[in-house]
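User: Could you take a close look at one strand in this model for me, and then show how that strand sits within the whole chain? I would like the cut-offs behind each term as well.

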Amino acid sequence: MRRFAPRPFTSGGHRQTLLGFWSRRHLEWQPPTEDVIVEASGDVRLLLRASWQPGPLESRPALVLIHGLGGWDGAKYGLATGALAWSRGWHVVRMNMRGAGDSMGL
């Protein structure tokens, strides 16, 4: 078995972080999206952005993406993960936690 060895340009955590940022900086969500508002409890409402693959909903798996602290459904790391899942035939649901992104007005 061949041993993994990173290329000199991509070796090191700092370089990998910067390369990941720069390669995704212009990424935008392309698939059609439906806004879904979920009544969680009491006065808490959450905003989900759902992108459904064509065909019956039950025929494909779904990925629910929850952003990190200080993030939102449009964060580039989430868009990159969602785009990969979408390209492989999954439904993608990007969730905004309470008070994040466009859910601020809810």
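Analyst: Happy to! Strand E3 is a good place to begin: among the elements of the protein, E3 has the highest mean pLDDT (92), while helix H1 (residues 13–24) has the lowest (74). Here pLDDT is the predictor's confidence in each residue, from 0 to 100, and helices (H or I, at least four residues) and strands (E, at least two) are DSSP runs, numbered from the N terminus. This is a predicted model, in which local features need pLDDT of at least 70 and side-chain atom pairs count only at pLDDT 80 or more, whereas totals for chains, interfaces and linings use all residues. Residues are numbered from 1 along each chain as its sequence is written, and side-chain values use heavy atoms, with hydrogens and water left out.

Now to the pairing. E3 covers residues 62–66 and runs parallel to strand E4 (residues 91–96), with five bridges joining them; two strands pair if DSSP finds at least two bridges between them. Within that pairing, valine 64 stands opposite valine 93 of E4. Helix H2 (residues 76–87) completes a right-handed β-α-β unit with E3 and E4. Right-handed means that, with the strands pointing away from the viewer, the path from the first strand over the helix to the second runs clockwise.

One residue of E3 deserves a closer look: isoleucine 66. Its relative accessibility is 53%, so isoleucine 66 counts as exposed (exposed is over 50%, buried under 20%, partly exposed in between, with a 1.4 Å probe and protein chains only). Apart from neighbours within four places in sequence, isoleucine 66 is in contact with Met95 and Met97, where contact means heavy atoms within 4.5 Å. Glutamate 39, 27 residues away from isoleucine 66 in sequence, is 17 Å from it in space, C-alpha to C-alpha.

Finally, the wider setting. The protein has two helices and four strands, in the order α-β-β-β-α-β along the sequence. Its radius of gyration is 17 Å, well over the 13 Å that the globule rule gives for 106 residues, so the protein is more spread out than a compact globule. That radius is taken over C-alpha atoms, and the rule is 2.2 Å times the number of residues to the power 0.38. The C-alpha trace spans about 55 × 35 × 25 Å along its principal axes, and 28% of the 106 residues count as buried. As for confidence overall, the protein averages a pLDDT of 82, with 91% of the residues scoring at least 70.
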